[in-house]
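Open the model in your viewer and keep the sequence panel beside it. The tour below goes from one selection to the next and says what is found at each stop.

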Amino acid sequence: MADRVYPAAKPNPPPAAAAANGAPASFPAPKSQMYQRPIYRPQAPAKRRRGRSCRCSFCCCFCWALLVVILLAFVAAVAGGAFYLLYRPQRPSFTVSSVRLTALNLTSSPTAPVLTDAIQLTVTAKNPNKKLVYFYDDFSFSAATAANAVPLGSATAPGFTHQAGNTTVFTATIAANGVTVDPSGASSDIKKSGGFSVVLDADTSAGVRVGSLKTKKMGIQVHCEGIKVTPPPPPPPAPKKVKGKNGTVLAPAPSPLAADTTPASATVSTAAHSCKVRVRVKIWKWTF
C-alpha cells in the first residue's frame with residue numbers, strides 16, 4: 001500500500017529577484033516586498049446630478065409653454081379671420097366740412113405777444129360698417145398753426161353713439177383767450193391780412209358694439225391737415241361826431257352807399273378736408 005504525500009501547509013515563497021547591483025536577495029523577503037491582499041472597501045452609491053434633471057425639466061416646461069402660445073396664436077388668428085369675413089370691419093371716417101375764423105387778435109409785443117381767437121368748425125362723421133356700432137366719449141379738440149405749431153386754442157364736444165351706416169354732423173368752437181405765444185412763430189404764422197394753414201386734432205376714446213357684445217374702449221386721435229383759414233376783416237371806423245352851434249353833438253347822416261353795405265363777416269371755408277384716424281395705445285406711462 002502506497003503512502004500518501006500531503007502538501008505543505010504553506011507554499012514555498014518564490015525566489016526573490018536579484019538586487020539591482022547583482023547582489024543576492026535576502027531571504028526571507030521583507031514585509032514591504034511580500035504580497036498583500038487589498039482590503040475590500042464598499043463604495044457609496046453614486047449621487048444623481050441635480051443640474052441635469054433641472055435642465056431637462058426646464059426644457060420640458062419651455063416646450064410646453066411655447067406649444068400653448070402657438071396654439072393660442074393659431075386660435076386667435078382663426079377667430080380674427082372668421083370675424084373679418086363675417087363683419088368686414090372698417091374704420092370710421094371724419095371730415096371737416098366747414099371752418100371759419102370768427103375772431104383774431106394778436107398783440108404786437110416783441111417779447112410776449114398775447115393771442116385771442118375763435119375758430120368755428122363743422123365735422124361730419126360716417127360709419128361705413130353695416131353691423132358695427134361705435135360709441136365715443138367726449139371729443140377734445142385742439143388747433144395749431146401748421147408751420148410752427150403755435151397753439152390756437154382748445155374745445156370740447158360731447159360724445160355720441162354712432163349707429164351702423166349712419167352719418168353724424170357736430171360742431172365745435174376752438175377758442176383761445178389771452179394766451180401768450182412764441183413771438184417768432186406767431187409773427188410768421190399768424191397773418192392778419194391773409195389766410196394761413198392750421199392743423200386740427202381731436203382726441204377721444206371709442207369702443208365697438210356687435211349685437212350685445214361690447215369691446216373695451218381704446219384711445220383714438222382724429223388728425224386733420226391742410227385746412228386754411230382767413231381772418232375776418234377789421235370793423236369799419238366809427239363816423240366822426242360833429243358839433244352844432246349850441247355845442248350839441250350831431251351825428252352825420254349816413255351816405256346812401258354806406259346804408260346799402262352790409263357788415264363783412266369772416267370767410268367760411270366749405271372745402272371738405274378728410275382726416276386720418278389713429279389708434280392710440282397706452283402702455284404704462286407711454287402713449288403710442
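Two strands pair if DSSP finds at least two bridges between them. With that in mind, note that the model is predicted, and begin with the strands.

**Stop 1: strands E10, E14 and E8**

Select strand E10 (218-229) and strand E14 (residues 273-280). Six bridges join E10 to E14, and the two run antiparallel. To find one of these contacts, pick Gln 221, whose bridge partner in E14 is Arg 278.

Now add strand E8 (196-210). E8 and E10 pair in the antiparallel sense over 10 bridges. Leu 200 is a useful marker here, as it stands opposite Cys 224 in E10.

**Stop 2: strands E1 and E2**

Keep E14 on screen and select strand E1 (93-106). E1 and E14 pair in the antiparallel sense over two bridges, with Thr 95 opposite Ser 274 in E14. E1 also runs antiparallel to strand E2 (residues 114-126), to which 12 bridges join it. In E2, Ala 125 stands opposite Phe 94.

**Stop 3: the ring of Phe 94**

Stay on Phe 94 and show its side chain together with that of Tyr 136. How are the two rings of Phe 94 and Tyr 136 set against each other? Their centres are 5.9 Å apart and their planes stand at 70°, so the pair is edge-to-face, the class for planes over 60 degrees apart. This pair links distant parts of the chain: Phe 94 belongs to strand E1 and Tyr 136 to strand E3 (residues 133-136), 42 residues apart.

Are these two residues buried or exposed? Phe 94 has 2% relative accessibility and counts as buried. Tyr 136, at 5%, counts as buried too.

Widen the selection to the cluster that ring pairs form: Phe 94, Tyr 134, Tyr 136, Phe 139, Phe 141, Phe 160 and Phe 170. Over the whole structure, a search finds 10 aromatic pairs. For another kind of contact with a ring, select Phe 135 and Lys 214: the charged end of Lys 214 sits over the ring of Phe 135, 5.2 Å from its centre.

**Stop 4: the cavity**

Next, look for enclosed space. The count comes to one cavity of 30 Å³ or more, and its volume is about 70 Å³. Select its lining: Phe 94, Val 96, Val 123, Phe 139, Phe 141, Phe 170, Leu 200, Asp 201, Ala 202, Val 222, Cys 224 and Cys 275. Strands E1, E4 (139-145), E8 and E10 are the elements that give two or more residues to this lining. E8 gives the most, with three residues. Colour the lining by class: 11 residues are nonpolar, none is polar and one is charged.

**Stop 5: the largest pocket**

Finish at the largest pocket, which has a volume of about 430 Å³. Of the 20 residues that line the pocket, select the closest to its centre: Tyr 134, Gly 207, Val 208, Thr 215 and Met 218. Which elements supply at least two residues each of the pocket lining? They are E3, E8, E10 and E14. E8 gives the most to the lining of the largest pocket, with five residues. By class, this lining divides into 14 nonpolar, three polar and three charged residues.

How values were computed: Residues are numbered from 1 along each chain as its sequence is written. This is a predicted model: local features need pLDDT of at least 70, side-chain atom pairs count only at pLDDT 80 or more; totals for chains, interfaces and linings use all residues. Side-chain values use heavy atoms; hydrogens and water are left out. On a 1 Å grid over the protein atoms alone, a cavity is a set of points where a 1.4 Å probe fits but cannot get out, and a pocket is an open set with protein on both sides within 12 Å along at least five of seven lines; lining residues have an atom within 4 Å of a point. Grid points are joined across faces, edges and corners, and a volume is the space filled by probe spheres set on the points. Helices (H or I, at least four residues) and strands (E, at least two) are DSSP runs, numbered from the N terminus. Ala, Val, Leu, Ile, Met, Phe, Trp, Tyr, Cys and Pro count as nonpolar, Asp, Glu, Lys and Arg as charged, and the others, Gly among them, as polar. Rings of Phe, Tyr and Trp (its six-membered ring) pair if their centres lie within 6.5 Å; planes under 30 degrees apart count as stacked, over 60 as edge-to-face and the rest as tilted. Buried means under 20% relative accessible area, exposed over 50%, partly exposed in between (1.4 Å probe, protein chains only). A charge sits over a ring if NZ of Lys or CZ of Arg is within 6 Å of the ring centre and within 35 degrees of the ring normal.
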